[in-house]
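User: Please take a close look at one part of this model, the pairing of its strands and the residues set in them. Start from the surface and the overall build, then work inwards.

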Amino acid sequence: IQPGTIIVGDTVGKNSALIINRGAKINANGTPQLPIVFTSSAPAGQRRSGDWGGLLIFGKARINNPGFEAAQEGGVADPNDKSKWYYGGAFDDDNSGILRYVRVEFGGIALQPNQELNGLTLGGVGNGTTIENVQVSYANDDGIEWFGGNVNAKRLIVVNSLDDDFDTDNGFSGKVQFAVSQRFK
């Protein structure tokens, strides 16, 4: 994804989400002057929390669930096709790509209790992945949630998420350096 690119999640009909499945990589390597923005397809001024499902990255790093893998909550996981909506494995150095100078806006869907998508969802993401200078704004559930994995992240900002700004589950064991959140409500 080229620096300065704006990627929109569709708000028509069922909400959309951008999902990076296990074994795939995202290369979102923006710059301070040209960040990469994932946002709602609604016109500026009409965008709202939950317009789309957000950015989900699934890796192959360890989680603390039996079988070392799990289906992502909020999805339509098919136990016969674990290539989609599943995360986790035995590869702590797994590399799901790069998120650098990225902004994720108006994502996250709270389908029902304990079945939510977040602004940025990281499931079983390994420490071969780079996550730096990321801002998540106006998420309709958590700003950023880690489900296991051990990816390190630095310089994170979460603005006005509905639920938790930062959340962990399923044994996340990475490090987060320089994280801040801001609430306007």
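Analyst: About 8,700 Å² of the protein is exposed, and carbon and sulfur atoms supply 49% of that area. The model is a predicted one. Its charged side chains number 16 positive and 20 negative, and the centres of these two sets are 7 Å apart. Of the 185 residues, 46% count as buried.

The C-alpha trace spans about 45 × 35 × 30 Å along the principal axes. The radius of gyration is 15 Å; because a compact globule of 185 residues would have a value near 16 Å, the protein agrees with that expectation. The secondary structure consists of 16 strands and 0 helices. Among contacts with a separation of 6 or more, 66% are made by residues 24 or more positions apart.

Strand E5, residues 55-58, is a useful place to begin with the strands. In a regular strand, side chains alternate between the two faces of the sheet. In E5 both faces are covered: Leu55 and Ile57 are buried on one side, and Leu56 and Phe58 are buried on the other. E5 has a parallel pairing with strand E2 (residues 18-20), made over 3 bridges. Within that pairing, Ile20 has Ile57 of E5 as its bridge partner. E5 also pairs in the parallel sense with strand E11 (residues 120-123), here over 4 bridges. Ile57 takes part in this pairing too, with Leu122 in E11 as its bridge partner. Ile57 is thus bridged to Ile20 and to Leu122, and its side chain is among the buried ones of E5.

Further along the chain, strand E12 (residues 130-137) and strand E14 (residues 153-159) run parallel and are paired over 6 bridges. Ile131 stands opposite Ala153 of E14. E14 is joined in turn to E16 by 6 bridges, and these two strands are also parallel. E14 therefore has E12 as a pairing partner as well as E16.

Val180 lies in strand E16, which covers residues 176-182. Its bridge to E14 is made with Ile157. Leaving aside residues up to four places away in sequence, Val180 touches Leu156, Ile157, Val158 and Phe166. Even so, Val180 is only partly exposed rather than buried: its relative accessible area is 46%, and the cut-off for buried is under 20%. Leu117 is 63 residues away from Val180 along the chain, and the C-alpha atoms of the two are separated by 21 Å.

Two asparagines in this region deserve a separate note on their backbone. Most residues other than glycine have a negative phi. Asn133, although not a glycine, has a positive phi of about 55°. Asn133 lies in strand E12, and because its relative accessibility is 15%, this residue counts as buried. Asn160 also has a positive phi, near 55°. Asn160 is placed in the loop between E14 and strand E15 (166-169), and with a relative accessible area of 9% it is buried.

Key:
Residues numbered from 1 in each chain as written. Predicted model: local features only at pLDDT ≥ 70, side-chain atom pairs only at ≥ 80, totals over all residues. Heavy atoms only, no water. Rg over C-alpha atoms; globule rule 2.2 N^0.38 Å. Buried < 20%, exposed > 50% of the residue type's maximum accessible area, 1.4 Å probe, protein only. Contact = heavy atoms within 4.5 Å. Areas by Shrake-Rupley, 256 points an atom, 1.4 Å probe, with all protein chains shown as cover. Lys, Arg positive; Asp, Glu negative; His and termini not counted. Charge placed at Lys NZ, Arg CZ, Asp CG, Glu CD. Pairing = 2+ DSSP bridges.
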